[in-house]
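Trainee: I should like to examine the contacts in this assembly step by step. May we begin once the structure is shown?

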Amino acid sequence: MTDTLKPRDGKDVEDAVRFALSDGKALEIVGAGTKRAIGRPSQTDLTLDLSGLTGVTLYEPEELVLSARAGTPLAEIEALVEKNGQELAFEPMDYGPLFGGKAGAGTIGGALASNLSGPRRIKAGAARDHFLGVSAVTGRGETIKSGGRVVKNVTGYDLCKLIAGSWGTLVAMTDVTLKTLPRAETEASVVIAGLDDAKASQAMAAAMGSSCDVSGAAHLPGHVAARFDGMNTRGAATCFRVEGFAPSVAHRKETLAALLKPFGPVAILDEQNSRALWRSVRDAKPFTSGEALNRPLWRVSVAPTRGHEIASQISPAAQMFYDWGGGLIWIAMPGEQEPGAGTIRKAVAAMGGHATLVRAPAAVRAAGDVFPPQDSGLAALNKRVKDSFDPKGVLNPGRMWAGI
Amino acid sequence: MSVQMPALDRAVLGRREQIVAALRRIVPGEGVIAGEREMRPFESDGLTAYKQLPMVVVLPETTAQVSQILAYCHAEGIRVVPRGAGTSLSGGALPLADGVLLGMAKFNRIKDIDFDNRVAVVEPGVTNLAVSNAVAHAGFYYAPDPSSQIACTIGGNVAENSGGVHCLKYGMTTNNVLGCEMVLITGEIIRLGGKHLDAGGYDLLGIVTGSEGLLGVVTEVTVRLLKKPETARAVLVGFPSSEDAGECVGKIIGDGIIPGGMEMMDKPAIHAVEEFVHAGYPLDVEALLIVELDGPQAEVDHLIERVEKIARGCRASVVRVSKTEEERLLFWAGRKAAFPAVGRISPDYYCMDGTIPRAKLPLVLKRTRELSEKYGLRVANVFHAGDGNLHPLILYDANKPGELERTEQFGADILRLCVEVGGVLTGEHGVGVEKRDLMPVMFSEIDLDQQQRLKCAFDDKGLLNPGKVFPKLHRCAELGRIHISGGKLPFPDIPRF
């Protein structure tokens, strides 16, 4: 059992890192710990628990800006902005249930450190695109700030982008500032039944290339479709979401349905079912229960039109579905100890993109790469970037790659 | 000029002939320019108050040549200043007397247009507008639209993280690029991103975007294409005070509406513009707002009514909704001509670029007027109201002794004011040399040192575009040292579990 340090403020975090530096200790940075099992197994001496740094410190809805301490529960922030008719438009997914945990437990710091997003990624961007400012402690034990509270800002390097998706390996965040956006008045979905993966890819390209402003495009193959919410289907479903003001949604769902009719039978989901469907797509629901909960899980990002090519290259016993117009593929592999890394990484390398083994037993994560392996030039650059923030390897060392 | 550049490297200058010869071996023919007269067009960028002839200009055509040039300069310890179209308003491409000016203008091909994946792969010397033009036939466009879009290049847009009038809704460059090929100062060629979304590891593309040519030289960019909105309509609203206009902007956003564009002008800007283009702007108002809604017809018609109602509720004295496309373009004609219009009423003008929290606008305008009196210089304000990006245009005459210096002091005071009210030094023009010495107003020494450490990860000898962005240059070895203070105490203050 490793000791846990639980700072109360940014100064405590600075002290903790300085202590670790002087004592040659490595720290595991955690918020609520919902994504603790993602990455290479921890090789740390102490846990730095940031869940005590809580509270929204600034929220000005008309300025579209919110600041909070990094350990603030994401659910608290989402509830607050919802009360003001707003949302975090990057639609952060909830990893908790994929690891058998409860829903809605993550922190805002965790959401940013892992650059979360959801189906709306294709329209609104990921956490990185909404992350305006940060205060954080580097592995040198120094508090730095970057960005600000305004959206339009090119003053100095955009460290927020680098920190988003760095999984706590560069800095321990203490305070963050985010862009909030108006929440859509309503939404609806258009669903085509019975397409195979290749045909679905074409339908998604057609919808995304229309002026219907689609904010979700997913293909749920027949073997998993029934495990999503909001639909009553036995076969494959290719789903499209439109969100916005009521008259606009009414218009766009009809336009989209007419556009997609040549691909197959089309149905429309009302607001309530649409919300349920996209929540379950966001959280990869088919892989959160039953036998599928034990399957190694891949998250793959490729060019949207090429995503479907991967299906024919992997075990037919794999379960999978597509989000982001075909560009994001969730793949649950059949053998608990055998994630099929060789095959998947080879297929993704040929297409251009990246694959992360988000869920696997610790032994598997210790034995092979979890994050996408980098070619030698990029690996060396990543190492230099890591060293520029954390030269002694105090912060989450080895979590993303060995030596980083 | 008042900005101090890095001390001249006389050893490098002494080897100028050998360096020119070596560059000619890499880029044969017309690609190396070493004559004073021929180099003259490169002596400044859009910030024309700053001028400096480079040691030599090189215009490569291939990534392999860029790689060889940089590897050579790295080995020889020669400074390099990358340049796109040279439209920077912050002196980002200002040459160094002892440096190679690396012009990327010959990288002007569009390599791939992929409508199914909604991306284009272009070389960095392609102009911003050329990308949109190349995909317009299929109803697509590239969203960031800086006002220099006819001339500025995608490579420069990546370097500066350029914005435009539509960024509130569609984002800046950083939200619209998916990948790049880049050459490091060592000559190493790396690829970041591609046609897929997000980075699998560190988001280096996010750092390179807006790095002002200090981290590497981009040789290819993959940009996102968007489908053109079905339609667009604009509302022109005049207010008796800037407070009312500011309130209106807040209420529109508070009502859940994110307009495609939302621009404000103050009285001096309105008058300058109206005299120039006769857009039919009301002259008896203190502030003018243009709100543009774009999207499906049904949505635009619905929202325009809501915006009209909000505007009337904010004491607007004039509200005009565009009825035709011609009328919409006329509303914009004035705003788009704002800079040249101000240029007509003054021998010279100096364009500032701070961003502020929108609610602070009336305060900032009031204090700017006070500063205007203090310095005895007129100022007109143009404002990207949706995202708080303020462009005060200071009117001056460079031929009057001391007036440029006064203008720069006035500008610096405005930017300090932006930071004081919670804003930033630059919203879209970049730091460059222009705002370099103001960086400590916004950042501590620790912040700036950390940013420079990140630069060291890309450029260990500090050869890429030195003298820009950072007011004080440190050696990488010096920055790498760790000073552990505090140390051994197991901080009993921290609760342990």
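Trainee: How many residues does the contact take from chain B, and how many from chain A?

Mentor: The model is a predicted one. A residue enters the contact if its heavy atoms lie within 4.5 Å of the partner. On that basis, the contact takes 99 residues from chain B and 90 residues from chain A.

Trainee: Which three residues supply the most of the area that chain B buries against chain A?

Mentor: Between chain B and chain A, about 7,900 Å² is buried, and carbon and sulfur atoms give 59% of that area. A 10% share of what chain B buries against chain A, more than any other three residues supply, comes from Leu197(B), Asp198(B) and Tyr202(B).

Trainee: How far apart are the closest N and O atoms of Arg121(A) and Asp198(B)?

Mentor: The rule finds seven salt bridges across the interface of chain B and chain A. The cut-off for such a pair is 4 Å. Arg121(A) and Asp198(B) form a salt bridge, with their closest N and O atoms separated by 2.7 Å.

Trainee: Within chain A, how many residue pairs in polar contact does the rule find across the interface of domain 2 and domain 3?

Mentor: The centres of these two domains of chain A, taken over C-alpha atoms, are 23 Å apart. The area buried between domain 2 and domain 3 of chain A is about 1,100 Å², with 58% from carbon and sulfur atoms. Zero salt bridges are found across this interface. For residues both at pLDDT 80 or more, the number of pairs in polar contact is six.

Conventions
Residues are numbered from 1 along each chain as its sequence is written. Chains are lettered from A and ligands numbered from 1 in the order in which they are written. This is a predicted model: local features need pLDDT of at least 70, side-chain atom pairs count only at pLDDT 80 or more; totals for chains, interfaces and linings use all residues. Side-chain values use heavy atoms; hydrogens and water are left out. Domain bounds come from an automatic or database domain assignment. Buried area is the accessible area (1.4 Å probe) that two parts lose on being put together, summed over both. A salt bridge is a side-chain nitrogen of Lys or Arg within 4 Å of a carboxyl oxygen of Asp or Glu. A polar contact is a pair of N or O atoms within 3.5 Å; within protein, one must be able to donate a hydrogen and the other to accept it, and residues adjacent in sequence count only if both atoms are side-chain atoms.
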